[in-house]
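Welcome, and please open your viewer. This tour goes stop by stop, telling you what to select and what is there.

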Amino acid sequence: KLPFAQVQTTGPLSFALTVVDENKKAIYYNEEFRDVIVKALAMKCRWQIEKFKPYADNVILFIDEPILSAFGSSTYVSVKREDVVALLQEMVAAVHSGGALAGIHCCGNTEWSILVDAGVDIVNFDAFEYGETISMYASHMKKQLERGGMLAWGVVPTSVAIREATVMSLEAQLEKVMDKLAVQGIDKKAITEQAIITPSCGTGSLEVADAEKVFLMVSELSKRMKSKYGY
């Protein structure tokens, strides 16, 4: 068995705000459809967890919510924060009931406190382009760490920027954004102990050589940070 296996499901917001009805209106705005969507996606989460349990001691399921980067914009002004939190909470509860850890990934900037309020175990964000935004929600990030949650720092770029990246340059970027959070009153030791190093987003659209370098950099940077902080 592997120590961990990671699987992924489209989030209810990203699904329900992009799929439309016969009138080209997002089905999110139909409460019945919205309820069907979140329950169907929750079942997909449970199915994946059961599928991968035989191969890993722990399963991590990431709920992918790229559309959260548009939350609060004029396009989605009628989308209420409490509804977003409730939908994500239902997904997280389904993941937990399946015996897995729940993560939420957003590859842009968003209101990061939403993820914490949804009770997620792992907050995953693009720390290469938007790393400093996490410090704007320091009180929530402190709450996340104090309850045993983790921050997944997507500091390895999944764009052509990977071609110029080195372990040293990525370490400098990671330390910069971690320190930006630490100065808000959060213990740096807690930040580094409860950190995961990840790519900033998916590598599916990259050339093979670039994708391979992304994962090489993730591995090398993780080893370097563990050695640096004695983990």
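Before selecting anything, take one definition along: a residue is buried at under 20% relative accessible area, exposed at over 50%, and partly exposed in between, using a 1.4 Å probe and protein chains only. This is a predicted model, in which local features need pLDDT of at least 70 and side-chain atom pairs count only at pLDDT 80 or more, while totals for chains, interfaces and linings use all residues. Residues are numbered from 1 along each chain as its sequence is written, and side-chain values use heavy atoms, with hydrogens and water left out.

**Stop 1: helix 8**

Select residues 208–229, which form helix 8. Helices (H or I, at least four residues) and strands (E, at least two) are DSSP runs, numbered from the N terminus. The expected span of a helix is 1.5 Å times one less than its number of residues. For the 22 residues of helix 8 that gives 32 Å, and its end C-alpha atoms are indeed 32 Å apart.

Now colour Asp-210, Ala-211, Val-214, Met-217, Val-218, Leu-221 and Met-225, the buried residues of helix 8. They cover an arc of only 115° around the axis, so they sit on the same side of helix 8; the arc is that of the directions from the helix axis to the C-beta atoms. An α-helix has 3.6 residues a turn, so residues three or four places apart point the same way.

Which residues are exposed on the other side of helix 8? Select Val-208, Ala-209, Glu-212, Lys-223 and Ser-227 to see them. Back on the buried side, the residues pack against strand 5, helix 6 and strand 6, where contact means heavy atoms within 4.5 Å. Just after helix 8 comes Gly-230, with a positive phi near 75°.

**Stop 2: helix 6**

Next select residues 167–182, helix 6. Its 16 residues reach 22 Å from first C-alpha to last, close to the 22 Å expected. Among the buried residues of helix 6 are Leu-170, Gln-173, Leu-174 and Met-178. Their cover includes helix 5 (138–146), strand 5, helix 7, strand 6 and helix 8.

**Stop 3: the pockets**

Here we look for space. On a 1 Å grid over the protein atoms alone, a cavity is a set of points where a 1.4 Å probe fits but cannot get out, and a pocket is an open set with protein on both sides within 12 Å along at least five of seven lines; lining residues have an atom within 4 Å of a point. Grid points are joined across faces, edges and corners, and a volume is the space filled by probe spheres set on the points.

Select Gln-6, Ile-60, Phe-62, Ile-196 and Thr-198, which lie nearest the centre of the largest pocket, out of 30 lining residues. The volume of the largest pocket is about 770 Å³.

Then show Ala-195, Ile-196, Ile-197, Ser-222 and Lys-226, the closest to the centre of the second largest pocket among its 13 lining residues. That second pocket holds about 330 Å³, and helix 8 gives the most to its lining, with five residues.

**Stop 4: the cavity**

How many cavities of 30 Å³ or more does a search of the whole structure find? There is one, with a volume of about 50 Å³. Select Leu-13, Leu-17, Ile-67, Leu-68, Ala-70, Phe-71, Tyr-76, Val-79 and Val-84 to display its lining.
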